[in-house]
Amino acid sequence: MLNQTDLQKTFWKGTMIISGAALLVKVLSAFYRIPYQNIAGDLGLYVYQQVYPFYAIAFALSLYGFPLIISKVVSEHDERFVKDRLTTVFFGLSILFLLAFILLHQTAPMISEAMNDPLLITPLRMASYAFLFVPILSVARGYFQGEKEMTPTAVSQVAEQSVRVTLILLLTIWFVGEGADQYTVGSAAIFGGLVGSVVSIIVMLTYLRKNQTHPKVFQIPSISVMMHSFGLIWKVFKGGIAICITAVMFALFSLVDALQVVPGLHSGGLDLLEAKVNKGVFDRGQPLLQLGTVLATSMALPLIPFIAKSNHAQDKEKIITLTGQSLKFSFIIGGAAAVGLAVIIVPTNIFLYENTNGSMALGILGAAILFGSLAITSSAILQGLGRIAYPVFFILIALMVKAALNAWLLPLYGITAAAVTTVISSAFVACSNLFMIQRLTRVFHFQRFSGLKVLLALLLMAGITFVWKAFLLYFLPVEDRLAAGLIALSSAVIGGVVYGFALIYQKVWKYEEMILLPKGKYLAKWFFRERRDEDA
């Protein structure tokens, strides 16, 4: 069983090596849409976000879904078995995703018609090519991860996302400067993402060439091998899809909105162009939502492998401890992000997007940061406990709930309704997951979460941040973008400091939780007023 020192060292090592690249990728993925909107406008952001969920699903399958399942196959079997089975998995996935590519490419006219925008055919077809890259990236990453070599996957992630973001912005600047329409700009942006995937493949193949012992898997398998491997292909496909669904929950919610928001707004009385622009305004919330959940889960998710290990060892005490710490990190940071964004949403909207359009909807959407963070963390915990089917089932129900509520509320309340349905759907997933975790671990009977103290800290943070914001607004014109940025950023800093001190003053953190934080030993020595030796 891991002692506290081992847990601390491995926690941060795992965060830096395994999660560091993923964190950077997620931050880049959230950030670039802000300058993209500034260049292409709300209509341009609308076009991109209508097709982005398809790309996001392919990206998640090749990064989170299939590599994890394949890595288990590699780590559990000998070299000969791995060679034969990986060859089969690669061939099987290639057939499946060739069919997925053909399906999306050919049904693009029907999908665009369902979105009430026939001009989306070309961007949708461009996005369909992303599925062709899934098999080779999945098998290569899965092989290296199974051999406990995380560097190739990390480097390929960063290379892919860096090239993707750079090309998206450069192509957008160029095409907008040339006077291209927003649909051409959107297609060019998706193309930039595809080039990033090609670069990622080149990186992975380079590592494979350097590794002289790797099995030659990118070939057509023999008939006898295929006959004995259908079960494995199904296992990889089923497991990869299940993990992907939990990894792209918000992308799936976005897909529902892509299909429903414009038709719903149009049926509510808006003309089509106005409906599209309003959808683009609503899509401003996606980077904020993604950044918030990344911050809230970045310290919680690295604990999940230890939960899986403890579950395998049937160490119930450690399961309860790690589960409680993961949920506590997610709740405390997610709550701060959600409340803080709601307080400063107007200056933030002006600073990032130049005007206040959609501020109410974006402020409401911020609540999904809290529930989404808890949903993502709790889904990962259930995965670590070997119960991945539960969060998948809850997310699928949430998608149906969101679709039903969208159909009812969108014509009446516009994009505010879309924000509300996202909050409700993510809350449903979070609460359902937490209920199952409680049934499996009884964590809420043994762990202290200090919910009331956290709530008091949130209220204090919100109050002081609001007062500080109002004070600055008295002297600065909020309509000015730089002034709005100063108000938003300084308010965020003030709120974070107040929140942190309120948590510490109320003794929300335990000693063993505090030392998991950056510089946590020093904080613990100061806070608990006692000296600990270096190995405590």
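The expected span of a helix is 1.5 Å times one less than its number of residues. Keep that rule at hand for the exercises below, which work on a predicted model.

**Exercise 1.** Compare the expected span of helix α10 (residues 249-267) with the distance between its end C-alpha atoms.

*Solution.* Start with the length: α10 runs over residues 249-267 and has 19 residues. At 1.5 Å a residue, the rule gives an expected span of 27 Å. Now turn to the model, where the end C-alpha atoms are 27 Å apart, so the two values agree.

**Exercise 2.** Walk along α10: where is its kink, how many of its residues are buried, and what follows the helix?

*Solution.* First, look at Gln260, where α10 has a kink of about 35°. The proline Pro263 comes shortly after this point. Next, check the cover: 15 of the 19 residues of α10 are buried, so read with the cut-off of under 20% relative accessible area, the helix is mostly covered. Finally, step past the helix to Gly269, which has a positive phi near 120°.

**Exercise 3.** Where do Asn116 and Lys507 lie, and is each one buried, partly exposed or exposed?

*Solution.* A reminder helps here: most residues other than glycine have a negative phi. Asn116, not a glycine, nevertheless has a positive phi of about 65°. Its place is the loop between α3 (79-114) and α4 (121-128). With a relative accessible area of 23%, Asn116 is partly exposed.

Lys507 also has a positive phi, near 60°. This residue sits in the loop between α22 (481-505) and α23 (511-514). Exposed means over 50%, so Lys507, at 55% relative accessibility, counts as exposed.

Conventions: Residues are numbered from 1 along each chain as its sequence is written. This is a predicted model: local features need pLDDT of at least 70, side-chain atom pairs count only at pLDDT 80 or more; totals for chains, interfaces and linings use all residues. Side-chain values use heavy atoms; hydrogens and water are left out. Helices (H or I, at least four residues) and strands (E, at least two) are DSSP runs, numbered from the N terminus. The bend at a residue is the angle between axes fitted to the seven residues ending there and the seven starting there. Buried means under 20% relative accessible area, exposed over 50%, partly exposed in between (1.4 Å probe, protein chains only).
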